[in-house]
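Let's take a walk through a protein chain together, starting from the outside and working our way in. Keep the picture open as you read, and find each part as it comes up.

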Amino acid sequence: METSMKSALIIASVFTLVSCESMQSPPATGGAPSFFVTSTGVGKGADLGGIDGADQHCQSLAKAAGLGNRTWRAYLSAQGKALNEPKVVNARDRIGTGPWYNAKGVLIAKNVDDLHAAKNNVTKETALDEKGQPVNDRSMKPNKHDILTGSRPDGTAFPGTPFYDMTCGNWTKGGTEGSAMVGHFDRSGPSDSSWATSWNSSHPTSGCTQENLRSTGGDALFYCFAVK
């Protein structure tokens, strides 16, 4: 009888300990939102008011969505005026060190290298806007899967003149002249090639107006990241 009682007490103690630990250690949740696709563009095609204007747009959207008092930067590169000019801006260098989470707390990437590796978690399910809403992908109308980046796959800028404009005049052109490199947030394109499924460097646009951008499947949207 005494042995049975001791066994019962031990079992009860273990159960209580497990229960307390469960109460004190809830399942881990994702980090604070630190990545989103803009729900709207600036309204002037690829003329974002330069990179500074794009940053301000990220900041305004994040504030309106209640994403906390953080510094937000647009994932955009800027070309130099000439080949090998040092005054270029690499998108990968201006977004902090990570990790980054979407508005639902889902991890996008742990750090800059992870973000630019095949294992990053930018997909049509995770690339949400600042309100936590999905963005129209390639299968929807209107298609908005083209995301402005002006970047190469590794997040660096394209060379300057004499090479082709890949940033719509460093985000100051909103006319038919110029072009901008875009990525596909939904990782979907006309083929399974790496360029077609790239989140940040898929193809150039046919111009810089809102209509030009829409003609290839975009809406002048871009990525925003919180700087740590």
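Start with the outside: the accessible surface of the chain adds up to about 11700 Å², and 56% of that belongs to carbon and sulfur atoms. Bear in mind that what you're looking at is a predicted model. Now go beneath the surface: of the 228 residues in the chain, 46% are buried.

How many helices and strands does the chain have? There are five helices and eight strands. If you trace them from the N terminus, the order reads α-β-α-β-β-β-α-β-α-β-β-α-β. The fold also brings together parts that are far apart along the chain. Take the contacts with a separation of 6 or more: 66% of them are between residues 24 or more positions apart.

Let's stop at helix α2, which covers residues 50–64. Here's a quick check you can follow yourself. The helix has 15 residues, and at 1.5 Å a residue it should span 21 Å; the C-alpha atoms at its ends are 22 Å apart, which agrees. Just past the end of α2, Gly66 adopts a positive phi of about 70°.

Which residues of α2 are buried? They are Gly50, Ile51, Gly53, Ala54, Asp55, His57, Cys58, Leu61 and Ala62. Look at the spacing of those numbers with one general idea in mind: an α-helix has 3.6 residues a turn, so residues three or four places apart point the same way. You can find such steps in the list, for example from Ala54 to Cys58 and from Cys58 to Leu61. As for what these buried residues pack against, the partners are β1 (35–37), β2 (71–74), α4 (168–171) and β8 (218–227).

β8 is our next stop. This strand is mostly covered, with nine of its ten residues buried. It pairs with several other strands. With β1 it runs antiparallel over three bridges, and there you can spot Phe36 standing opposite Cys224 of β8. With β2 the pairing is antiparallel too, over four bridges; here Arg73 has Phe225 in β8 as its bridge partner. Strand β5 (residues 146–148) pairs with β8 in the parallel sense, over three bridges, and Asp146 is matched with Gly218.

Now for the greasy inside. The largest nonpolar core contains 24 residues, and the ones with the most contacts inside it are Trp72, Leu76, Leu148, Trp171 and Phe222. α2, β2, α4 and β8 each supply at least two residues of this core, and α2 gives the most, with five. Zoom in on Phe222 to see how one side of the story connects to another. Leaving out neighbours within four places in sequence, its contacts include Phe36, Val37, Ala54, His57, Cys58, Ala74, Leu76 and Leu148. There's also a second, separate core of 19 residues, which includes Ala109, Phe185, Trp199 and Tyr223.

Last come the disulfides. A disulfide is a covalent bond between the sulfur atoms of two cysteines. The count for this chain is two.

One of them joins Cys58 to Cys224, with the sulfurs 2.0 Å apart. Cys58 sits in helix α2 and Cys224 in strand β8, so this pair ties together parts that are 166 residues apart in sequence. Is Cys58 buried or exposed? Its relative accessibility is 0%, so Cys58 counts as buried. Cys224 also has a relative accessibility of 0%, so Cys224 counts as buried too. The torsion about their S-S bond is about -80°, so the disulfide is left-handed.

The other disulfide joins Cys168 to Cys208, at an S to S distance of 2.1 Å. Its torsion is about -100°, so this disulfide is left-handed as well. Cys168 lies in helix α4, while Cys208 lies in the loop between β7 (203–204) and α5 (210–215), 40 residues away. Both Cys168 and Cys208 are buried.

How are the bonded cysteines matched up along the chain? Counted in order, they follow the pattern 1-4, 2-3. Try tracing that in the picture, from Cys58 across to Cys224 and from Cys168 to Cys208.

Definitions and conventions: Residues numbered from 1 in each chain as written. Predicted model: local features only at pLDDT ≥ 70, side-chain atom pairs only at ≥ 80, totals over all residues. Heavy atoms only, no water. Expected span 1.5 Å × (residues − 1). Buried < 20%, exposed > 50% of the residue type's maximum accessible area, 1.4 Å probe, protein only. Contact = heavy atoms within 4.5 Å. Core = buried A, V, L, I, M, F, W, Y, C linked by side-chain atoms within 4.5 Å. Disulfide = S-S within 2.5 Å. Areas by Shrake-Rupley, 256 points an atom, 1.4 Å probe, with all protein chains shown as cover. Pairing = 2+ DSSP bridges.
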